[in-house]
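Me: I'd like to look closely at one part of this protein and see how it sits in the whole thing. Could you walk me through it?

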Amino acid sequence: MANISQTAGDIHSNNGSGADIAGHEFLAFTLGNEEYGIDILKVQEIRGYEAVTRIANAPEFLKGVINLRGIIVPVVDMRIKFNLGTPTYDQFTVVIILNIEGRIVGMVVDSVSDVTTLLPEQVRPAPEMGTTFSTDFLIGLGTLDDRMLILVDIDKLMSSPEMGLVDQVA
């Protein structure tokens, strides 16, 4: 896939309504049986899964690092991060290389399916789950015929203190 060197404009809203992000393109990927979507403008490239160099004392979800054309890139396994069971690595497993606020981060997912444009009427706010499940990193739910995409605010997730990958924005 070609590099995408655009920057995201005012795609995300602060009030959590999905309407402001509607009409934008999302890269759809799978983790287990669920389909997720992230802002395509955050994607730099998509690569096949390759062995990573483990880092001592790193959290379990941080698989390690890879050398991407001279840049050392931390790689996060999203199945471990979202607690979706034991990951398996096969010919469909890919690493999505993200550019989050100038920092390059890799994200391991089970597979990538397509790029989808969502219209305002196709985006619903994320449901409140109470204290058992945090929806802080969810933009909303995108509906496409019989498919439902869980839209992830990848900026917010990757720059969260628990991830420790991207400096907090003041």
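To start with the outside, how much area does the chain expose, and what share of it do carbon and sulfur atoms supply? After that, please zoom in on strand β11 and tell me what it pairs with and what it gives to the core.

Reply: Sure! Keep in mind that this is a predicted model. The chain exposes about 9,100 Å², and carbon and sulfur atoms supply 50% of that. As for the inside, 47% of the 170 residues are buried.

Now for the bigger layout. The chain has two helices and eleven strands, and its pattern along the sequence is β-β-β-β-β-α-β-β-β-β-β-β-α. In that pattern a β comes just before the closing α, and that strand is β11, residues 147-152.

On one side, β11 pairs with β10, residues 138-144, in the antiparallel sense over six bridges. One of the matched pairs is L141 with I150 in β11. These strands form a hairpin with two residues between them, and there D145 takes a positive phi near 50 degrees.

β11 also pairs with β2, but here the strands run parallel and three bridges join them. Look for G37, which stands opposite L151 in β11.

Finally, the core. The largest nonpolar core has 28 residues, and β11 is among the elements that give two or more residues to it, as are β2 and α2 (154-158). The most comes from β6, with four residues. Among the residues with the most contacts inside this core are I38, I154 and M158.

Notes
Residues numbered from 1 in each chain as written. Predicted model: local features only at pLDDT ≥ 70, side-chain atom pairs only at ≥ 80, totals over all residues. Heavy atoms only, no water. Buried < 20%, exposed > 50% of the residue type's maximum accessible area, 1.4 Å probe, protein only. Areas by Shrake-Rupley, 256 points an atom, 1.4 Å probe, with all protein chains shown as cover. Core = buried A, V, L, I, M, F, W, Y, C linked by side-chain atoms within 4.5 Å. Pairing = 2+ DSSP bridges.
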